[in-house]
Amino acid sequence: MAITAGTTTAITAGTTTAIAAESTTAITAGTTTTTTDRITTAIAAESTTAIAAGTTTTTTERTTTERTTTAIAADSTVVVTPTTPVSPAKEVGGLPVPGTMAPGRPQATTSPATAPVPAFGTQKGLTTAPSTSAHTTAAVSLYPFGMEGGDQECIQRTVDFNSSLFKPEIGFPFGKSLRDVLYFTDNGQIIFPPTENYVASNPNPPPMGFSGQKGLPMVAAFWDDADFSQGVGTTWYQEYSTPTSTRDPLVRDVEAKIEKYLKTPYTAKWTLKVTWEKAPAYPSRTYQAVLTTDGNRSFVLLLYQDGGMRWDYTKLAAGNVLIGFSSGDGYAQNNELTQQPPAVKYRPDQHSNVRGLWIYRLDNRSRVNYRLRCLVWLDTEPAPDTWNRQLPPCPCSQPQAELDPRYRRSRGAIRGPPRASRRVGGWQGVPSFSGGGSGVRCLYQDGSLLEGWQERPPSSADRELEAFNWCCRRVQKPLFCAKFAEKRPRVSCEGYVPPTPAGAFGDPHMTTLDGLTYTFNGLGDFVLLLASDAQTSFVLQGRTAQTGTAQATNFVAFAAQYISTTTTATVEWTLGSQGKIQVLLNNESIQFSYSQGEQDVAEVYYSPGVLLVNTSSVTAVFDGAIAISISANSGILSVVCGLPSRYQNSTKGLLGVWDHDPADDFQMPNGTSIPVNSSEEEIYNYGMTWAVGEHSLFAQPLDTPVMNFTPIFLSRLRQENESQYQLAALQCHGSKECIYDSLSTGDVALGLATQSLTDDFQQKKTALSKWSRSSRPRGHGLGNWALPCSLPGSFPPCEAEENSPSGTLIWEPHGMSPFTVNLEAVGSNNLSALLQLRFTLCSCSRSQECDYSNTITLEGSSLQVASCRCEGGYSGTLCQDPPDPCAQGCFPGVGCDSHTGCGPCPAGLTGDGRHCSGEGLGCGSACGSRSCPEGYCGNRGRCSLHPITCTPICDCPPAFTDQRCLVAGGDFQPLPNLPRRSVLLRVRTLRNATVGEVNGTVRHRKGWARGRGHTGQRGSLGCRDSVRPHLSRDPWGSGRSAGDGLAFLVVSEFTYNSRGTIIQFLNEELLEAITSAFNRRRGRREAGAPLLFQHLHRDNVTDLVKLTVAELRGYFPCDLYGYKGYRLHYTGTIGFVCVSPCKMGYCQHGGQCQHLPEGPMCSCLPFSIFFPGGTRCERLAISLAAFLGILLGALALLCLLLAITCLASHLCRRHQQQG
């Protein structure tokens, strides 16, 4: 059969057209072929049908195509409508069923002139292009939903409703933004509001779809007006948060679909499944939307029940269903079905590459999600109580941290906003335990402690800082930093006690723990320190060798052993070739490259129980408590050790008995002591008693046994050459250690090096103990403190007032620009403590709307802004936007007034302007020509017909609680007829001006006439557009030039209303707000307001009309609706409210209250044996039945007692007779 160009072939019902095998049917350009219902067209196997460009072929119900090859050229359209037979293989619930195949792309062959079929794109998703031939592919079924799927139900039997807010912790990337909250509506929308206070739902999609312009971010799964109010249909949802945990099978299947069809690897971190089940509208539809994100990318899967999209679009007043999305920042996509006829676009379950499935990618920019990184880190970290035992506090100052050998320098944290960040110095104290490590990280700024926290393990310091920056700097949400603090508890310097150091330098010159200094030149291995407590013990030994040919010795090796209940660690330091220090840990060599200069980042080696740090010295920190630091200088090893306070009164050895009394430091192993003023010879003999015997810690024994060796003493050196002694004393500035080393070795440089080491040790010891607990500055009553307060911009950022006696800071912000305020407390010893202040600013229009539990930090600064909880229909970030009846949208073609809301429905339709139904717009209607009965809704209620059942529905004023606006009882705000709040302004222009110019300029003052000004933390300046200036020439100026301008009187009027905040503002804050708003813009030229004024002083603003709350009470009637008995109440947060007595316990004893036109009426209900009565059910009476029952019961009981008494008496007499 050949159908040429321009011809029309109609195959009518009952006709059979057979195209045999291997036959060719060519349908050329411009041809229209229509195959109607009940026609059977058999295209045999291996036949070929070519459809050229521009051809339209429509195959409707019951058409069968089997094993054919169809080539479709560009611009042709082939549509296959519902009930086409499909393969029984399906993905049921998205999960593979045994013996079935997953859905694939429809197979098609193309002619050389045919455009390629589009792939599943990363933005357009699963789309069916106009040149695509739809085949009988397997349909994708919905995921399991409802109670069986573990879902939660969300349903309200109202015409429109929204779900509660979802707040994915990692955020949801949408377009260019990371959204915080979302919700879904009954109308097939998933909306991402700009704030939690803006919850809108528009049942009417735009007829032309999403434009890509600014607007409310949303995903339209199947956006059309649905109505669940008649008890049909419901919605279900389930949230899957999977940052690190095992993923649900549904999540895994979502990942598999994205990887299969979009060809990109994907692992979900948060997923939300929403199901609209039997969404009612002529008659119903069932479909799903699955939102998913990995924190950086986001997708939505739209699934439509195969054959379940059953809307009868012919009965819809407006057939503008919309599928797609708009990010609100210029990124939007309309499903290709949007511009198709209703027969196509209302059947998304039949028109897609994989029937019933569409996938869109929702983000369009790459980003790093620091929330996700923080949450993943938090999820993998154990609880602090498993690793933070006995952690020390931070040193109170950076000099202390530099000198305390238990702490090491580390890379500091990044502070401040990314564009102006700076690195703060970091110091890390790292205690360690068996099987793991932990410590504290301390951050300093300008020498003072800024903050500190516990961390683990020491080997991943960079990772710890990254986590801190993710959670506390990048996210800018204090909640994340609070969670970080739960895993890394904060520490301060409270309780910090600097270690007490002891050491040995040069030709050994000892300084004990109690500060006693002496010289000991023994040769061999010696016990420098023995310390122990109930759980631990510590030994430090030193090895000396002869210093060249001199009769003196110096240290060449040290060994230390720490034993606790969980670990044993032995460290040995040996002076190697070229002055390098070789380290053995548990007899295994540790390779450290030694450097004389201080390095910014130390080399670290960690082992259970001990941490080795290599900088200019090699330090071993045992269990975070004992620090032994060894350094090499001029071929001599020196040692400095520091012990915690728990070892006081528990030490002995050459470094003395630590009891703060140097007199007993020369205690020998047998417990006896020699005086501290003993001779050099006696001190030498004392030191030899501490020679190591059999229990040496060194890996190698001494090279040669120690023979008889007697050192030369300083007294003998002076006797031998007094002049040389005096010269050395002059060169050494009187230091005996320097004099001895210079004379004994003949090397003045060695003596000066010893002096330098000794002086440095004493200075560090003094600095460590300089800031004790008693000298730490306090936050109150300080002699002086500095408050650096600077903000960007030319305006004064802040005003601070110091009150030295009390330490009180009074400070008022003048804007919301980020700033940082540090409070520095300086003590009498010139040491300081730094505190970064945190300010939480309430910028909501009313202070009671501020939510201080939900704040954001502005660019890592001191300023935090509290979120707002809007009341009374207000919206916006700061609740600054009043209720807008047009925000919810109106029916297409219906106008909206900002005061009264949507206008009437188009001709032939009925409804409230948002929901319209009935005949009109060329569509049929189930309600036909029906209309609301006259007077159906009372008391100004608005009547409309339900779009499905056609029953009348009333939209009642707030005072009425029933369905027909007849029974009152609800609260409502009265509508007053009030005098205006008025003030008189005396203003002076900077040039000559007319009354009209002044009037126009005043009206352009944004902070005044239009209610957009802010005063401190307040919201709008007054009622919007309520200023009505009336001008006259100033009598005292007589309309003549006064300086460079003219003086005028301006009478400004403001409207009172029932809101308490407005009344308080107009009565207490208006005058200050006017002067502030008037002067703030002085000097700026605004469009349409070129006139400038002189500074407006407070004395130039005078009250004309001002009403107190008591005076206003008489202006607020509560008989607005003709219902008597309402009572007027006033509260500062709400204002004037008319309250029904029914809500105030009017009816007593459980009576039911209804507020009727004549007033509240009680329906008394009996309870127990009582029957309430009276107008308020205040009287109680016992019912007759209850009274008779009680009487009969009492009589019965009395009879029973008499019977028992008679029986007892009879038995008693009988017993006596028998006796």
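Trainee: Which strands are the edge strands in the open sheet of three strands?
Mentor: This is a predicted model, and in it three strands form an open sheet with mixed pairing, in the order β56-β58-β57. An edge strand here pairs on one side only. That gives β56 (839-841) and β57 (850-857).

Trainee: How much does that sheet twist from one strand to the next?
Mentor: Keep the order β56-β58-β57 in mind and step across it. From one strand to the next, the twist averages 40 degrees.

Trainee: What is the bridge partner of threonine 840 in β58?
Mentor: Start with the strands: β56 and β58 (residues 863-868) run parallel, and three bridges join them. For threonine 840, the partner in β58 is glutamine 864.

Trainee: Now the rings. Why is the pair of phenylalanine 520 and phenylalanine 526 called edge-to-face or stacked?
Mentor: The structure holds 34 aromatic pairs. In this one, the ring centres are 5.0 Å apart and the planes stand at 90 degrees. Planes over 60 degrees apart count as edge-to-face, so with its 90 degrees this pair is edge-to-face.

Trainee: Are those two phenylalanines buried or exposed, and which is which?
Mentor: Take them one by one. Phenylalanine 520 is buried. Phenylalanine 526 gets the matching label: buried.

Trainee: Which residue has its charged end over the ring of phenylalanine 698?
Mentor: Look for a charged end 4.3 Å from the centre of that ring. A second case has arginine 964 over the face of tyrosine 936, at 4.0 Å from the ring centre. For phenylalanine 698, the residue is arginine 543.

Trainee: Where does cysteine 1164 sit?
Mentor: Find the strands on either side of it, β72 (1159-1163) and β73 (1170-1173). Cysteine 1164 is in the loop between β72 and β73.

Trainee: Why does cysteine 1164 count as partly exposed?
Mentor: Buried means under 20% relative accessible area and exposed means over 50%. Cysteine 1164 falls in between, so it counts as partly exposed, at 23%.

Trainee: How far apart in space are cysteine 1164 and cysteine 1177?
Mentor: In sequence, they are 13 residues apart. Cys1177 is also among the residues that cysteine 1164 touches, along with Pro1172, Gly1173 and Gly1174. From C-alpha to C-alpha, the distance is 5.6 Å.

Trainee: What share of residues 1139-1178 is strand?
Mentor: The UniProt annotation "domain: EGF-like", from an unreviewed entry, covers this span as well as 928-966. Its end C-alpha atoms lie 21 Å apart. Helix makes up 0% of residues 1139-1178, and strand makes up 38%.

Key:
Residues numbered from 1 in each chain as written. Predicted model: local features only at pLDDT ≥ 70, side-chain atom pairs only at ≥ 80, totals over all residues. Heavy atoms only, no water. Phe/Tyr/Trp six-rings, centres within 6.5 Å; stacked < 30°, edge-to-face > 60°. Buried < 20%, exposed > 50% of the residue type's maximum accessible area, 1.4 Å probe, protein only. Lys NZ or Arg CZ within 6 Å of the ring centre and 35° of its normal. Helix = DSSP H or I, 4+ residues; strand = E, 2+ residues; numbered from the N terminus. Contact = heavy atoms within 4.5 Å. Pairing = 2+ DSSP bridges. Axes fitted to C-alpha atoms, helices over the stretch in contact; angles between N-to-C directions. UniProt positions renumbered as here; feature names shortened; annotations may be inferred. Lists of a residue's contacts leave out its neighbours within four places in sequence.
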